[in-house]
Amino acid sequence: MCFFLRGKLNLDKLIYEKGRENCFISEITVFELRFGAENSNNPSLSHKAVDGFVNGLSIIPIYGSVGRYAKEKVRLRKSGRPVNDEFDLLIGVTALENRLTLVTDNIKHFENLEGIKLENWVRRKR
């Protein structure tokens, strides 16, 4: 998402190609976006960019993922692969609970979640 806010990713085009009705966002991701906007060099402009991005997307609440969160956190801890970022765990289990593909540039933060489908839309030059 930081790529989008910095103008380095044409996310609007990608969402248009996928169909806005097929794109969802976790309310936790909205929290992270708001923090990033507030912490930016131009909070007012950044909050407007977040508003423009979030407008029209279905925002998924996390409460329905509470059970999966607890089970997955325990499973990962017992397997020796705990997720250190609680927000990432909440985002991941919310995607799982809603049978959605998680789009992220941080594949490693989510790859240990059982059954998660991941996509990375960021193309880096090598």
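Start by selecting helix α6, residues 86-97: at 1.5 Å a residue, its twelve residues should span 16 Å, and the end C-alpha atoms are indeed 16 Å apart, so the two values agree. Keep in mind as you go that this is a predicted model.

**Along α6**

Stay with this helix and colour it by accessibility. Nine of its twelve residues are buried, so α6 is largely enclosed by the rest of the structure. To see them, pick D88, L89, L90, I91, G92, V93, T94, A95 and L96.

What covers these buried residues? Show β1 (24-26), α3 (27-38), β2 (58-60), α5, β3 (101-103) and α7 (107-110), which are among the elements that do so.

**The two ends**

Now zoom in on D85, which caps the N-terminal end of α6. One of the side-chain oxygens of D85 sits 2.8 Å from the backbone nitrogen of F87. Then travel to the other side of the helix and click on R99: just after α6, this residue adopts a positive phi of about 55°.

**Into the core**

Next, bring up the side chains of L89, L102, L113 and I116. In the largest nonpolar core, which has 14 residues, these four touch the most other members. Helices α5 and α6 each contribute at least two residues to this core, and α6 gives the largest share, six residues. As background, nonpolar side chains in soluble globular proteins tend to be buried together.

Select L102 and display what surrounds it. Beyond its neighbours within four places in sequence, L102 is in contact with I91, G92, A95, F110, I116, K117, L118 and E119. Apart from the core you have just visited lies another one, made of twelve residues, with I25, F53, L57 and W121 among them.

**A stop on α5**

Move to helix α5, residues 66-78, and highlight E72. Is this residue buried or exposed? With a relative accessibility of 6%, E72 counts as buried, because the cut-off for that class is under 20%. Setting aside neighbours within four places in sequence, the contacts of E72 are L89, V93, N112, L113 and E114. Two of those names should be familiar: L89 and V93 belong to the buried set of α6.

**Last stop: α4**

Finish at P43 in helix α4, which covers residues 43-54. P43 has 26% relative accessibility and therefore counts as partly exposed. Leaving out neighbours within four places in sequence, look for A37 and E38, with which P43 is in contact.

Terms used:
Residues are numbered from 1 along each chain as its sequence is written. This is a predicted model: local features need pLDDT of at least 70, side-chain atom pairs count only at pLDDT 80 or more; totals for chains, interfaces and linings use all residues. Side-chain values use heavy atoms; hydrogens and water are left out. Helices (H or I, at least four residues) and strands (E, at least two) are DSSP runs, numbered from the N terminus. Buried means under 20% relative accessible area, exposed over 50%, partly exposed in between (1.4 Å probe, protein chains only). Contact means heavy atoms within 4.5 Å. The expected span of a helix is 1.5 Å times one less than its number of residues. A polar contact is a pair of N or O atoms within 3.5 Å; within protein, one must be able to donate a hydrogen and the other to accept it, and residues adjacent in sequence count only if both atoms are side-chain atoms. A nonpolar core is a set of buried Ala, Val, Leu, Ile, Met, Phe, Trp, Tyr and Cys residues joined through side-chain atoms within 4.5 Å.
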